[in-house]
Structure formats: C-alpha cells, structure tokens
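Q: Can you walk me through the ring contacts and then the helix packing here?

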Amino acid sequence: MSTAAAAPARTRQVLADLLPSARISDRARDIALVAGGAALTGLAAQISVPVPGSPVPVTGQTFAALLVGASLGAGRGFLALALYALAGTAGVPWFAGGASGAGAPSFGYVLGMLLASALVGALARRGADRSVWRTAATMVLGEAVIYAVGVPYLALATGMSASAAIAAGLTPFLIGDALKAALAMGALPTAWKLAGRR
C-alpha cells in the first residue's frame, strides 16, 4: 500500500483564507467574515424589483449569498446565511425590500440560500471557483438548490399549484440568474488571478 494513496487529499483554500490574520485571531476573523457575509446579503437584498404577477421580487440577495458561500467556504458561508436568516426572522429589516419575519411567501428562498451557500462553498473549496466554466456550473447548481426549496415553499405559503409556483417563482428569474452567473464567471476567477493563485 503506497503512502501517497493513504494520505488525505490536500484541502484547497477559498478566497477568505487568503486574508491575513496576523493582528487578530482566526476565530475573530471568522466571526467578522460571517457577520460581513450576512450584512452583504442584507444590503444586496435591498436591490429589489417587483415582478408583475409574482410575490417574489428580483433581488441581489441570491447573487450575494452565492458569492458569500464561494468566498467564505461551506462552514462560514452557511453560518453567514444562517445569521442573515435568523436576524431577519427576529426583525432586522434586511430581507428583500426591507422586509423581516418568516411569514413572506419568499422566505423559502432564504432557506434555500442556506443550503446553496454551503454547497457552493464546498465546491469552491475544491477549486470550482477558479475557472470560468466551473464557476458557471457552480453558480447554476447553487441557484437550483435555492429554487428547489423556494418554489415549493412559495406554493405551500400561497396555495398555488406547482405549475403556478413555477410560473411565478422560477420562470421570470431565469434571465437574471444567467446574468448573475455571468458576473460570477468573471468575478471569482479574476479574484484568484489577482491574488496570484490558481
């Protein structure tokens, strides 16, 4: 049995791992990153455009949530989105359009972002955010997870049929999601190039 085969696979870094932590402890840095990820998602959620015929607006929060997951990694990304969800549920007005609480029909998308950030973060840890096409695939998978939770929640919260929930909570957003994936395709690999690491 070779020792190379028995050795654990080397864990890759995510972008947040490149930040220096000489002046603060790793734990303090992680807390700051988690809080910053939650705040970024809350700020991006304020970019909110109503969609005619849908209770779900177009927002920047899904893009932010996926970037947070990719940049922070699975654990910190999940915690950042959990903080975002918990604080918003407790009354912080940073859900889409300044809303808060768990009663909105679009709350399922927030729950989906928790899972998506962890998935995207785990894939980024394996290098999926370092090339254009792998980044695109990673973002598409993250969006799929958000919809897999958000659309059924929308149907349950509003009493819509499955086809009506898809028409109101998925179809109008596909073009915007393609644009978000294109932005990520440029942003994440470029950040790695600027950092001088592949």
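A: Sure, ring pairs to start: rings of Phe, Tyr and Trp (its six-membered ring) pair if their centres lie within 6.5 Å, and planes under 30 degrees apart count as stacked, over 60 as edge-to-face and the rest as tilted. This is a predicted model, with pLDDT of at least 70 needed for local features and 80 or more for side-chain atom pairs, while totals for chains, interfaces and linings use all residues. Residues are numbered from 1 along each chain as its sequence is written, and side-chain values use heavy atoms, leaving out hydrogens and water.

Q: How many aromatic pairs turn up in the whole structure?
A: The search finds 5. Tyr109 and Tyr147 make an edge-to-face one, 6.2 Å centre to centre with 90° between the planes.

Q: Where do those two sit in the chain?
A: Tyr109 is in helix H5 (residues 107-125) and Tyr147 in helix H6 (residues 132-158), 38 residues apart. Helices here are DSSP runs (H or I, at least four residues), numbered from the N terminus.

Q: Is Tyr109 buried or exposed?
A: Buried, at 6% relative accessible area; the cut-offs are under 20% for buried, over 50% for exposed and partly exposed in between (1.4 Å probe, protein chains only). Tyr147 is buried too, at 12%.

Q: Which rings form a cluster?
A: Tyr84, Trp94, Phe95, Phe107 and Tyr153, linked by ring pairs.

Q: New topic: how do H3 and H4 cross?
A: The axes of H3 (residues 61-72) and H4 (residues 74-90) come within 6 Å and cross at roughly 145°. Axes are lines fitted to C-alpha atoms over the stretch in contact, with angles from 0 to 180 degrees between N-to-C directions.
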